[in-house]
Amino acid sequence: MSDWKQKRFWKEASAVEVDGGFTVQLDGRGVKTPAKAALTLPSRAMAEAIAAEWDAQVEGINPETMPYTRSANAAIDKVANQHAEVADMLADYGDSDLLCYRADSPQELVKRQTEQWDPALSWAKEVLGAGLETRQGLQHSGQDPVALETLRQAVHDLSNFQLAAFHDLVSMSGSLVLGFATAQNWRRPDEIWQISRLDESWQEEQWGVDDEAQETADLKRVAFLHAKSFYDIC
């Protein structure tokens with residue numbers, strides 16, 4: 001959408017039911033994706049959210065203020081054309097999941113990781129049927145292939161629209177387990193986001209907050225919470 005420089009040319013944006021789902025129409029004309037595909041959406045809630053973004057545009061189209069539209073475009077123009085590749089890329093996070101690599105000191109950090117990350121791994125074992133083991137240090141050590149295949153299949157089972165949202169849940173948190181935990185409402189999204197930033201929060205406590213790093217983290221948090229919202233309206 002970065003190349004879109006159009007001015008507003010419509011009076012009303014509306015969510016409309018069509019064959020295969022829902023779409024958004026501008027004065028009765030259907031919206032297209034940047035790749036010129038039909039904007040066919042899986043739910044009325046998504047169509048209404050996107051219609052509201054188009055209605056909120058004033059003089060020109062500002063893609064930065066249209067996150068639902070951008071996510072839907074990604075699902076249709078990108079994920080739909082390479083679903084298996086995207087699913088495999090995200091599933092690979094399971095073999096090096098953030099939650100599995102633990103500090104061996106200081107003791108307070110070790111304690112926090114145990115208290116905040118162990119429950120998420122226990123949830124994954126119980127709900128997803130995939131038990132991942134923890135390690136001390138950062139050296140890679142492979143996980144149980146059966147557990148990894150269980151997680152991989154769960155990722156492949158996601159729809160194009162779900163996978164577009166799931167991509168951000170996983171990549172922003174650095175954890176396949178936390179991506180699933182967010183998608184399946186293990187805890188509140190903002191709480192899971194904070195769990196994913198445990199190490200960064202610890203460093204900030206020790207050395208202070210870096211303004212540039214904080215700005216980047218804030219942007220990622222917004223993207224993470226949007227991804228959860230988009231996932232929920234798929």
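A residue counts as partly exposed when its relative accessible area falls between the buried range, under 20%, and the exposed range, over 50%. With that in hand, the salt bridges of this predicted model make a good place to start.

Side chains of opposite charge can pair when their charged atoms come close. A search of the whole structure turns up ten salt bridges, and three of the pairs are described here. One of them joins Asp 190 to Arg 221, with the closest N and O atoms 2.8 Å apart. Asp 190 belongs to helix α8 (residues 189-196) and Arg 221 to helix α10 (residues 211-232), so this pair ties together parts that are 31 residues apart in sequence. Arg 221 has a relative accessible area of 30% and is therefore partly exposed. Its partner Asp 190, at 24% relative accessibility, also counts as partly exposed.

A second salt bridge brings together the side chains of Arg 152 and Asp 88, at 3.0 Å from N to O. Here, too, distant parts of the chain are linked: Arg 152 sits in helix α5 (residues 145-156) and Asp 88 in helix α3 (residues 83-91), 64 residues apart. Asp 88 is partly exposed, as its relative accessible area is 30%. This pair does not stand by itself, for Asp 88, Asp 92 and Arg 152 are linked in a network of salt bridges.

The third pair involves the beginning of the numbered elements. The side chains of Asp 55 and Arg 8 meet in a salt bridge of 3.4 Å, N to O. Asp 55 lies in helix α1 (residues 44-55), while Arg 8 is in the segment before β1 (13-18), so parts that are 47 residues apart in sequence are tied together. Asp 55 counts as partly exposed at 35% relative accessibility, and Arg 8 counts as partly exposed at 24%.

Attention can now turn from these charged pairs to a leucine. Leu 121 is found in helix α4, which covers residues 107-128. Is Leu 121 buried or exposed? Its relative accessible area is 8%, so Leu 121 is buried, the cut-off for that class being under 20%. Which residues is Leu 121 in contact with, leaving aside its neighbours within four places in sequence? They are Leu 99, Cys 100, Arg 102, Leu 132, Thr 134 and Val 177. For another leucine, Leu 163, the C-alpha atom is separated from that of Leu 121 by 21 Å, and the two residues are 42 residues apart along the chain.

Technical notes. Residues are numbered from 1 along each chain as its sequence is written. This is a predicted model: local features need pLDDT of at least 70, side-chain atom pairs count only at pLDDT 80 or more; totals for chains, interfaces and linings use all residues. Side-chain values use heavy atoms; hydrogens and water are left out. Helices (H or I, at least four residues) and strands (E, at least two) are DSSP runs, numbered from the N terminus. Buried means under 20% relative accessible area, exposed over 50%, partly exposed in between (1.4 Å probe, protein chains only). Contact means heavy atoms within 4.5 Å. A salt bridge is a side-chain nitrogen of Lys or Arg within 4 Å of a carboxyl oxygen of Asp or Glu.
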